[in-house]
Amino acid sequence: MDLGYSESETAFRDEVREFLSTKLPQRISSLVKNGKRLTKRDYEEWQAILNEKGWLAPSWPPEWGGASWSAVQKHIFEEECCRAGAPRVLPFGLGMLAPVLIKFGSEQQKSHYLPRILDGTDWWCQGYSEPGAGSDLASLKTKAERRGDHYIVNGQKTWTTLGQYADWIFCLVRTSNEGKRQEGISFLLIDMKTPGIEVRPIILLDGEHEVNEVFFTDVKVPVENLVGEENMGWTYAKYLLTHERTGTAGIGFSNAALEHLKTIASTQMKSGRPLKQDPYFAARMAKVEIDLEAMKTTNLRVLAQADSGAAPGPESSMLKIKGTVIRQEINDLTRRALGPYALPFVSEALDEGYNESPIGPDYANPIAAEYFNNRKLSIFAGSNEIQRGIISKTKLGL
Amino acid sequence: MDFDLNEDRRMLRDTLEKFLRERYPIEKRLEYSKSEQGYSTKMWQEFADLGIIGALFDEEAGGFGGQGDDLMVVFEQLGRALVVEPFLSTGILSGTILSAIGSDLTADVISGQTQVSLAHSEPASRYDLAHVTTSAEQQGEAWIINGQKSVVLGAASADKLLVSARTSGTTEDEDGITLFLVEPIASGVEMRAYSTIDGYGAADIMLTNTPAKPLGEINQALPLIELAHARAIVAVCSQCLGACEVAKDMTVEYMHTRKQFGVIIGKFQVLQHRMADVLIELEQMRSSIINAAGFLDDHRDLREKHCSAAKNLTGRAGRQIAEEAIQIHGGIAMTWEASVSHYAKHIIMIDHLFGDTDHHLERYIELG
């Protein structure tokens, strides 16, 4: 066994670092590092820079603009991006829709949509969850009825992340009530400008407008917007679960968050000494660091397997659970580290260009909000309970 | 990066796995453990002939392994079978020291001919390696030792004792500790041998004006003792991992067969989810041991930090896995007859060897 990166992997890491240090706008990385709000324009600016380098969609096949990276290279890239304070690359078009189109879409769909995803022409959002279909996704009810060369879509999607910016939405819709619930679902691409679509904001517990409800009333969708075959949508959606999962563990985020926590714990004082010297606090920080260090190796072991051809199945679920538990623990410790200064919250201070002096330490404002926001980690993308169910079924045969 | 075992280690693992499967069923293990000796001398010799002891030593010392990966491979298998022969005491603790010093005894240890037990910890030392009150004095050419050593693994069957004693400084000084070879039959050696709760041989030893022969540098034994313990941590964590794997498999098997309320208990979601967590912690344990094994030959602070991380995580995860194994088995796991109980005992008691979770968490913090 060899725990270190190979020579070529180290060279790749250096190349990524060099790129980030010269190409990532300082304005943007300082927003990210200070927990500020990012605008649509910020995301687009960064994604355009990545696209120019050919690194926006590394997982795609080379003929569509991918980079032919190994799983380990993808991991290195994600880790370095987090370290440098790059915004996350929004996954909806690039990581969620594109792999499905590439695998199951028509040639016409591929050549039309993929370049537009890359160059930022189309902003995509995801239409899976419904008010009555959360963890139990297969119970979705949004209906698409075939009328000649169109479908008529009626229903409601929810938790649509950044749907307020979206030009298009990819949806799971019900096209049949026959047989098993999973067998009547189709995968449909819908233009957000179509009449009958209404987007309403959902304000989250931290006061942010991140997600939306999307209502469909007699929305006309051309049949050519169906991906693959009718009633096969569940298969396509599931394909995503075993694809593009290298970032599941969120190692890069946890690394950056732990570094931030350590800085805060060395400036916050308790009984006349830095908080990080308090034995109870130090013990909790050490424990989560030990877990994270082991997690890095667990993650790399899974990636190494993936590189040798084994598609990670339940391993993804294991990484998702442990990765989110660790990240949430770091968020919890960071909130605690602030003591009473975790309480003040000035929403406007999250905007770029806010000029007033901070209340308390300059890093304090976003911390509690981030803690609350990241409670989502164990709920979305298949709640941790759903993941345990998957492990139990596939690994334990139960 | 490469997480695969090389060809030699795969062979080593497969050979040992097959040997243990055929020759070391749990009934035999319990029999060996309960015997007068506390283990099987015959099995020990067979292990030696198979090259398993030699796998713990590098070529320079006359072995053919000795790296972190070798320790992992061997001890994971030993853990799977709850092997009671003195691998840890003779093979790792004493073996590391003897081979580092270049002692002639190393070859006899590898061949299975000689067993050497490291008598280091004391009633008041807890897990602090520098805490040594046993003292050695030079009288002319000869040395004599006075003091008490506690929970010395493999002591009763040892042909030689490797005893740490203070030759200068005070109780917790890092300098001033020296190692001595002591004959178990020498005058003033009073040994009280016993079996540990999980079935391994150990003893408390009183030394009164006992003649001894210094080994290695005078006053400078601590770094060597620390290295031996680092290797012992990788070994015993791997042993824990092997035992945990088996305890987990037994529990999953039980969940598939045991029926209550008309269904197999594996149908109950609360148990499924807890077992899913067990699987995750097992992988975390393995990863932390891979890290520690990978840094065994690195410089001291890095080595010790990874060892402390592994021991802390293994202790925490081990407790969870052992307690879930007992809980999910229910009443039957409370019996001697159910082998899962012997696995659970061993997993839990490993936390008491070479520093527990709390000790190593504190140490991890100290190491920065």
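Start with helix α10 of chain A, residues 314-337. At 1.5 Å a residue, its 24 residues should span 34 Å, and the end C-alpha atoms lie 35 Å apart, so the helix agrees with the expected length. Keep in mind throughout that this is a predicted model.

Stay on α10(A) and show its surroundings. The helix is mostly covered, with 19 of its 24 residues buried. Next, select Gly339(A). This glycine comes just after α10(A) and takes a positive phi of about 60°.

**Chain A as a whole**

Zoom out and color chain A by secondary structure. It holds 12 helices and 10 strands. Its C-alpha atoms fill a box of roughly 75 × 50 × 45 Å along the principal axes. How does its radius of gyration fit a compact globule of 398 residues? Such a globule would have a value near 21 Å, and chain A has 22 Å, which agrees. Buried residues account for 38% of the 398 residues. Now think about which parts of the chain meet. Of the contacts between residues at least 6 apart in sequence, 71% join residues at least 24 apart.

**A strand with two faces**

Select β3(A), residues 150-157, and show its side chains. Which of them point to the buried face? Tyr151(A), Val153(A), Gly155(A) and Lys157(A) do. His150(A), Ile152(A), Asn154(A) and Gln156(A) point to the other face and are not buried.

Add β2(A), residues 143-147. This strand pairs with β3(A) in the antiparallel sense, over five bridges. Find Glu145(A): it stands opposite Ile152(A) of β3(A). Then look at the hairpin that joins β2(A) and β3(A). Two residues lie between the strands, and Gly148(A) takes a positive phi near 65° there.

Now add β7(A), residues 209-222. It runs antiparallel to β3(A), and seven bridges join the two. To see one of the paired positions, select Gly155(A) and Phe216(A), which are bridge partners. Gly155(A) is also one of the residues on the buried face of β3(A).

**Across to chain B**

Show both chains and select the residues where they touch. Chain A gives 33 residues to the contact and chain B gives 27. On the chain B side, four helices each supply at least two residues: α7 (222-257), α8 (269-294), α9 (300-329) and α11 (357-366). Which helix supplies the largest share? It is α8(B), with 13 residues. Color this side of chain B by residue class. There are 15 nonpolar, nine polar and three charged residues.

**Chain B as a whole**

Hide chain A. Chain B has 11 helices and nine strands. Its C-alpha trace spans about 80 × 45 × 40 Å along the principal axes. A compact globule of 368 residues would have a radius of gyration near 21 Å; chain B has 21 Å, which agrees. Buried residues make up 54% of the chain. Among contacts with a separation of 6 or more, 73% are between residues 24 or more positions apart.

**Last stop: a covered strand**

Select β1(B), residues 116-119. Are its faces buried or exposed? Both are covered: Val116(B) and Leu118(B) on one side, and Ser117(B) and Ala119(B) on the other, are all buried. Add β4(B), residues 160-166. The two strands pair in the parallel sense over four bridges. Finish at Ala119(B), whose bridge partner in β4(B) is Val163(B).

Terms used:
Residues numbered from 1 in each chain as written. Chains lettered and ligands numbered in written order. Predicted model: local features only at pLDDT ≥ 70, side-chain atom pairs only at ≥ 80, totals over all residues. Rg over C-alpha atoms; globule rule 2.2 N^0.38 Å. Buried ≥ 20, exposed ≤ 12 C-beta atoms within 10 Å, placed from the backbone. Contact = placed C-beta atoms within 7 Å. Nonpolar A, V, L, I, M, F, W, Y, C, P; charged D, E, K, R; others polar. Pairing = 2+ DSSP bridges. Expected span 1.5 Å × (residues − 1).
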